[in-house]
Structures are given as structure tokens and as C-alpha cells.
Number of protein chains: 2
Amino acid sequence: MQDRVKAILAGLDLWAEWPSPTQRRIVGAALESFAERGFHGTSLKHIAAGSGLSTAALYVHFASKEELLFALSRRGHALARDLVAQAAEGEPARALSVLVAAFTHWHAEHRTIARVVQYEQSALEHGHALEIAALRRDTERIVRDLLGRGVDAGVFAVSDVPGAAAAVLSLGIDVARWYGPRGRWSPHELAELYADLAARMLGVP
Amino acid sequence: MQDRVKAILAGLDLWAEWPSPTQRRIVGAALESFAERGFHGTSLKHIAAGSGLSTAALYVHFASKEELLFALSRRGHALARDLVAQAAEGEPARALSVLVAAFTHWHAEHRTIARVVQYEQSALEHGHALEIAALRRDTERIVRDLLGRGVDAGVFAVSDVPGAAAAVLSLGIDVARWYGPRGRWSPHELAELYADLAARMLGVP
């Protein structure tokens with residue numbers, strides 16, 4: 001299981017979306033400022049200062065602060081969906097363990113972007129919010145399908161598949177809220193622990 | 001179980017902290033504005049407009065915007081701790097079910113205040129943040145103690161009690177993030193479902 005988790009995580013590069021170093025600096029500065037001051041407390045001046053650019057130079061790359069939040073949100077949600085899609089393949093019990101471990105590990109490591117995209121979600125424009133909602137539904141659907149396959153195969157004992165899928169995803173997502181690197185667990189240790197707890201929750205023998 | 005959950009929830013009145021109707025109006029307007037615009041996007045003018053008072057009148061009751069966030073955060077965290085403390089009494093397996101059901105139900109119903117106090121946590125002043133951290137530690141300790149009692153009694157099979165306690169709390173807390181009243185479950189239905197999933201996670205036979 002561990003090798004597969006590692007391979008999935010190694011294949012997900014948050015920053016690959018922005019090949020230009022200037023764009024990376026801008027997006028990185030936006031992420032830092034949103035995390036520190038919130039979306040509404042961030043001005044383009046903060047992002048310009050953080051990236052070492054003028055506000056005029058920012059506009060070459062991003063039309064607005066909301067575009068930056070949307071870019072971060074779309075990237076974070078797309079990576080989470082890709083992770084879940086890759087992990088969900090194969091035998092259901094093993095796939096579930098890989099999925100929960102990789103998802104938990106990812107949220108422990110990428111807790112800053114995960115928090116920003118969760119906490120500032122309501123600041124997205126309507127069309128952007130719809131696009132993010134579609135990515136979330138994709139992720140949920142993949143987890144539900146995996147649980148359904150496991151139930152059909154007699155591997156999981158679950159009375160409410162969508163409810164169990166929500167619980168499985170919650171375990172990982174909420175890690176971004178409470179996890180700190182100086183705490184009791186490494187991301188890897190927490191990933192193993194949560195994979196075990198999720199398997200029990202789904203009645204894996 | 002259901003009667004005990006109902007009795008605990010009925011005993012928790014969020015607004016009892018603020019006996020004066022003026023204070024309730026101010027706190028309610030602050031909560032609404034923090035939820036809508038974020039803490040950093042909220043000015044005292046928004047709160048004054050929302051409560052129908054002048055900003056000068058606000059200062060009679062609260063010294064700053066941060067005081068209002070702290071008041072909401074302390075109240076929310078104290079209620080969560082009280083809920084958990086009451087639920088944790090008695091036979092461990094039953095107590096665990098009551099705790100998860102009540103905690104889940106509370107977060108589904110009070111998702112607005114739960115989101116604000118989670119999402120805006122970093123805006124608290126240092127001394128206030130320490131006070132909130134102490135309340136969170138109390139809540140975690142109560143859940144860990146309950147799980148420890150259950151393990152000693154042979155009712156729970158858990159290898160990592162703090163890790164399992166974090167997972168149990170995550171299930172309920174994350175409900176505030178994703179729950180919507182027009183979704184698939186009523187707060188009561190979700191509470192029952194999550195109580196069952198948590199019991200399985202802890203190895204209750």
C-alpha cells in the first residue's frame with residue numbers, strides 16, 4: 001500500500017499548473033496573504049509586495065484577486081479529485097486504504113492551500129463556484145462508486161453509501177484544519193492510522 | 001440514546017451568554033457579517049448597520065471587532081466542550097454514541113457559528129487564542145478519556161487513543177463545512193448515521 005500512496009503523491013505537483021516563475025511567485029504570494037489575512041483582508045498591494053512585483057505587473061497575469069483565489073481553488077480541488085481517482089482503482093479494500101492514506105497525507109502536507117480554498121469558498125464568483133462544486137461532486141462520486149463496488153463485492157458493510165463517503169472524505173479534509181507539523185504524528189503516520197480507522201468504519205473484516 | 005441526545009441539545013442555548021437584547025443584536029450582526037465577508041472584510045460599520053445601532057453604541061458593549069470574534073469563539077467552543085462533557089458520562093459505548101450524535105447534530109444546526117470560529121481563528125489576539133486553545137484541549141481530553149475508559153473496559157479496540165479521538169471529533173466538526181439543510185439528511189439522521197460509523201471505527205462489537 002505504501003508504495004502506491006507514495007507514487008500517487010509524487011505524481012501530484014501543485015505548482016505544475018503555473019509554468020512561469022513569475023506566475024508562481026504571484027500565486028504563492030496570494031496563497032500566503034489569503035492564509036494570513038483572509039481573502040477579504042487581502043489587497044492586490046499585499047500580493048504585489050509579497051511577489052516583488054508592481055500591481056500593474058500582476059494584472060498581466062491575473063485579472064483580479066478573485067481570479068487568483070479561483071486558480072488556487074481549482075488547482076487544489078483538481079488535485080484532490082485526481083488523487084482520489086487514481087487511488088480508487090483496483091480491489092476495493094486496498095483501494096480504500098490507499099485513498100484514505102493518500103488523501104490524509106496530502107491534506108496534512110498541503111494544509112495551507114486546503115484551508116484557504118475551504119475557508120474562502122464563499123468569496124468565489126457564481127460561475128467559478130459552480131466549477132468548483134462540479135469538481136467536488138466528481139470527488140464524491142468517485143468515493144461513492146468505490147464504496148458501492150465494495151458493498152457489491154461483499155468487502156464493505158455499509159447501509160448508507162453517500163453518508164459513509166462523506167465521512168471518509170471528512171476525515172481527510174478536516175486534517176487540514178487541525179494538523180500541525182510539530183504534533184504527535186508525521187503525515188505518513190496519520191495516513192496509516194486513518195486508513196485503518198476508515199477500513200473499520202466500512203466494516204472491512 | 002435519542003432522548004439523551006435531545007436533552008443535551010435542549011440544554012445548550014447559544015444566546016444565553018448575552019442576556020441583553022442589544023448585545024444579542026450586536027453579536028448576531030457580527031456573526032452574520034463574519035460569515036458573509038470574513039473577519040478581515042468586516043468593519044464595525046457593517047456590524048452597526050446589521051444591528052441597527054451606531055458604532056458609538058457598539059463600543060459600549062464591545063471594545064473591538066476582535067472582542068466580538070472572541071466572544072463568539074469562546075461561546076462556541078465552551079458549548080462544544082459542555083456538550084461533550086455531558087455526553088461522555090456513563091457506559092462508554094453508549095456515551096460514545098450519544099457524544100457523536102449530539103456533536104454531529106450541533107454542528108449541522110450551528111454550522112454558521114462553527115464555520116466562523118474555525119475559519120477566522122487566526123484573527124484572534126494571542127491571549128484570546130490561548131484561551132480558545134485551552135477549551136479545545138479540554139474537549140479533546142474528555143474524548144480521549146472516554147476512549148481510554150472504553151479500551152480499559154474492553155468495549156473499544158483502539159491502538160492509538162489520541163488519533164481515534166481526533167478522528168471522532170473531525171467527523172462532527174467537518175459537518176459544519178459541508179452540511180446544507182436542503183441536502184440528503186436531516187441533522188437527526190446524520191447524527192444517527194455518524195454515531196454508528198464512529199462506533200464501528202472504534203471496534204464496538
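Start by selecting A:M201 in this predicted model. Of the residues of chain A, A:M201 comes closest to the rotation axis, with its C-alpha at 2.2 Å. Now show both chains together. Chain A superposes on chain B after a rotation of 180° with 0.0 Å of shift along the axis, and the RMSD is 0.0 Å. This is the relation of a two-fold axis. The same surface serves both copies, since 100% of the contact residues of chain A recur in chain B.

**The contact between the chains**

Next, select the residues of each chain that touch the other: 34 residues from chain A and 34 residues from chain B. About 2,800 Å² is buried between chain A and chain B, and carbon and sulfur atoms give 54% of that area. Add A:R177 and A:R200 to the selection of A:M201; these three supply 21% of the area that chain A buries against chain B, more than any other three residues.

Which kinds of polar pairing can be found between chain A and chain B? There are zero salt bridges between them, but 15 residue pairs are in polar contact, counting pairs with both residues at pLDDT 80 or more.

Colour chain A by helix. On the side that touches chain B, at least two residues each come from α2 (21-37), α7 (111-119), α8 (126-152), α9 (161-178) and α10 (187-201). Select α9(A) in particular: it gives 11 residues, the largest share of that side. Coloured by class instead, the side of chain A that touches chain B shows 17 nonpolar, eight polar and nine charged residues.

**Two residues in helices α5 and α6**

Move to A:S97, which is in helix α6 of chain A, residues 92-109. Is A:S97 buried or exposed? A:S97 counts as buried because its relative accessibility is 15%, and the limit for buried is under 20%. Show what surrounds A:S97: with its neighbours within four places in sequence left aside, A:S97 is in contact with A:M1 and A:A195.

Then select A:A80, in helix α5 of chain A, residues 65-87. A:A80 is buried too, with a relative accessible area of 11%. Which residues does A:A80 touch, not counting those up to four places away in sequence? They are A:F103 and A:T139. To finish, draw a distance from A:A80 to A:T112, C-alpha to C-alpha: the two are 14 Å apart in space and 32 residues apart in sequence.

Methods: Residues are numbered from 1 along each chain as its sequence is written. Chains are lettered from A and ligands numbered from 1 in the order in which they are written. This is a predicted model: local features need pLDDT of at least 70, side-chain atom pairs count only at pLDDT 80 or more; totals for chains, interfaces and linings use all residues. Side-chain values use heavy atoms; hydrogens and water are left out. Contact means heavy atoms within 4.5 Å. Buried area is the accessible area (1.4 Å probe) that two parts lose on being put together, summed over both. A salt bridge is a side-chain nitrogen of Lys or Arg within 4 Å of a carboxyl oxygen of Asp or Glu. A polar contact is a pair of N or O atoms within 3.5 Å; within protein, one must be able to donate a hydrogen and the other to accept it, and residues adjacent in sequence count only if both atoms are side-chain atoms. Helices (H or I, at least four residues) and strands (E, at least two) are DSSP runs, numbered from the N terminus. Ala, Val, Leu, Ile, Met, Phe, Trp, Tyr, Cys and Pro count as nonpolar, Asp, Glu, Lys and Arg as charged, and the others, Gly among them, as polar. Buried means under 20% relative accessible area, exposed over 50%, partly exposed in between (1.4 Å probe, protein chains only). Copies are superposed by least squares on the C-alpha atoms of residues with pLDDT of at least 70 in both.
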